[in-house]
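Reader: I've got a new model open and I'd like to learn how to read its annotated sites. Could you walk me through it?

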Amino acid sequence: MARAKIALIGAGMIGGTLAHIAAREALGDVVLFDIAEGTPQGKGLDIAEASAVFGQDVALKGANDYADIAGADVCIVTAGVPRKPGMSRDDLIGINLKVMKAVGEGIKQYAPNAFVICITNPLDAMVWALQKFSGLPKEKVVGMAGVLDSARFAYFLAEKTGVSIQDIHAWTLGGHGDDMVPMVRHSTVGGLPLPDAVAAGLLTQADLDAIVERTRKGGGEIVALLKTGSAFYAPAESAIAMARSYLLDQKRVLPSAVYVSGEYGLNDLYVGVPAMIGANGVEKIIEFTTNDEEKAMLATSVASVNGLIEACKVADPSLA
Ligand code: A3D
């Protein structure tokens, strides 16, 4: 059987890391596409040379022409600009919306059957716009944010409790902004929901509150440290988990920005919810029970996402 073809639209920090991981685990042949000349070719060649050491038979190619993504099974989109210190994700709309238009048209023309994972910020609005610009089915266009935000939540819980990261399951829902919703009652340490983990003395309520806050600001913490860009290792790992679930029909339930039609009482937007990803793309949305407090937090987060979508419609009236 032919190897899968993975097109990485954007060959910057996340794009290069995606290429490295995809090649190392032989998830498929990789095309790195970017408007910058030389960068995708250089990164592709560097990783191809590394394949002689890590021993996988995969092809890597750098490209500046959308024709090279033809027939891709998966497209992962990181094209655009990342945050600098002092910027919010929302400050990126002006530039990145134009980029999504070009990318959406390229995917529509050359890879209309692909499963598309958007990472470009502000995430929930950009994936919404990318789906519109590409015209691909909504279940085949998703955004990566929840896997990353939940990974940060899980890591902070592991660090505080000393429990193996493998035995922690953490969930964040809502938009990918500072008002995201870490789901405390649905997240577990060693099988214990977090309120029970506090009662059992694995961490204090103050620890938990601080971890929730740190999770919400997790992206900004890395931006402040790096100074020249935003996180890339954990975002790349997170998108690969989503691509793997699609390519291998794993049907993993991963918090993802997906198009909602009535789930959680929400309609006609992309927002982070637990989604089962398999060979057909988003195959099911899992609805957690939500109490009044969680509903209110979700409503605040959704209001932010809707605000970004409205800003996109103003910036590009063809989206209205
Ligand atoms: P960076 O290293 O700057 O790479 C972006 C690449 O996009 C550069 O190589 C550019 O040349 C390229 N590019 C710009 N315009 C175009 C275009 N029109 N067509 C093709 N390529 C283009 O950024 P990065 O890889 O660190 O981050 C990429 C995006 O991901 C940014 O928007 C970040 O804000 C976002 N991001 C999202 C998350 C989420 O969890 C959602 C996390 C981290 C970063």
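Author: Happy to. Keep in mind that this is a predicted model. A good way in is to pick one annotated residue and place it on the fold: R83 sits in the loop that links β4 (74-77) to α3 (93-110).

Reader: Which residues does UniProt group with R83 under "binding site"?

Author: The unreviewed entry gives R83, R89, N121 and R152 that label. The next step is to see where such a set falls in the model, and here R83, R89, N121 and R152 are among the residues lining the largest pocket.

Reader: How do I decide whether R83 is buried or exposed?

Author: Look at its relative accessibility. Buried means under 20%, and R83 has 10%, so R83 counts as buried.

Reader: And what does R83 contact once I skip its neighbours within four places in sequence?

Author: You get S88, R89, L92, G219, G220, V223, G229 and S230. Notice R89 in there, which carries the "binding site" label as well.

Reader: Let's do R89 then. Where is it, and is R89 buried or exposed?

Author: R89 lies in the loop between β4 and α3. Its relative accessible area is 6%, so R89 is buried. Leaving out residues up to four places away in sequence, R89 touches R83, N121, P122, H176, G177, D178 and G219.

Reader: Is there another annotated set? Which residues does UniProt list for "binding site" along with G10 and D34?

Author: Yes, a longer one, also from the unreviewed entry: G10, A11, G12, M13, I14, G15, D34, N96, I119, T120 and N121. The lining of the largest pocket takes in that set too, from G10, A11, G12, M13, I14 and G15 through D34 and N96 to I119, T120 and N121.

Reader: Where does D34 sit, and why does D34 count as buried?

Author: D34 is in the loop between β2 (29-33) and α2 (39-54). It counts as buried because its relative accessibility is 14%, and the cut-off is 20%. Its contacts, with residues up to four places away in sequence not counted, are G10, A11, G12, P40, A63 and N64. There's a polar detail as well: the D34 side chain reaches the backbone nitrogen of A36 at 2.8 Å.

Reader: How does N96 compare? I'd like its element, its burial and its contacts.

Author: N96 is part of helix α3. At 0% relative accessibility, N96 counts as buried. Beyond four places in sequence, N96 touches G80, V81, T120, N121 and M126.

Reader: Now the ligand. Of the 25 residues around the ligand, which come nearest?

Author: M13, I14, D34, V81 and I119. For polar pairs, check atom by atom. A backbone N or O atom of M13 is 2.8 Å from a ligand oxygen, for I14 the corresponding distance is 2.9 Å, and for G80 it is 3.2 Å. To see how well the ligand is covered, start from its accessible area on its own, 870 Å²; the protein covers 87% of that.

Reader: Last one: which residues does UniProt assign to the "Lactate/malate dehydrogenase C-terminal" domain?

Author: Residues 148-305, again in the unreviewed entry. For a domain, read the secondary structure content and how far apart the ends are: this stretch is 44% helix and 23% strand, with its end C-alpha atoms 18 Å apart.

Note on methods: Residues numbered from 1 in each chain as written. Predicted model: local features only at pLDDT ≥ 70, side-chain atom pairs only at ≥ 80, totals over all residues. Heavy atoms only, no water. UniProt positions renumbered as here; feature names shortened; annotations may be inferred. 1 Å grid on protein atoms, 1.4 Å probe; cavity = no way out; pocket = protein on both sides within 12 Å on 5 of 7 lines; lining within 4 Å. Helix = DSSP H or I, 4+ residues; strand = E, 2+ residues; numbered from the N terminus. Buried < 20%, exposed > 50% of the residue type's maximum accessible area, 1.4 Å probe, protein only. Contact = heavy atoms within 4.5 Å. Near = heavy atom within 4 Å. Polar contact = N/O pair within 3.5 Å; in protein donor to acceptor, adjacent residues only side chain to side chain. Areas by Shrake-Rupley, 256 points an atom, 1.4 Å probe, with all protein chains shown as cover.
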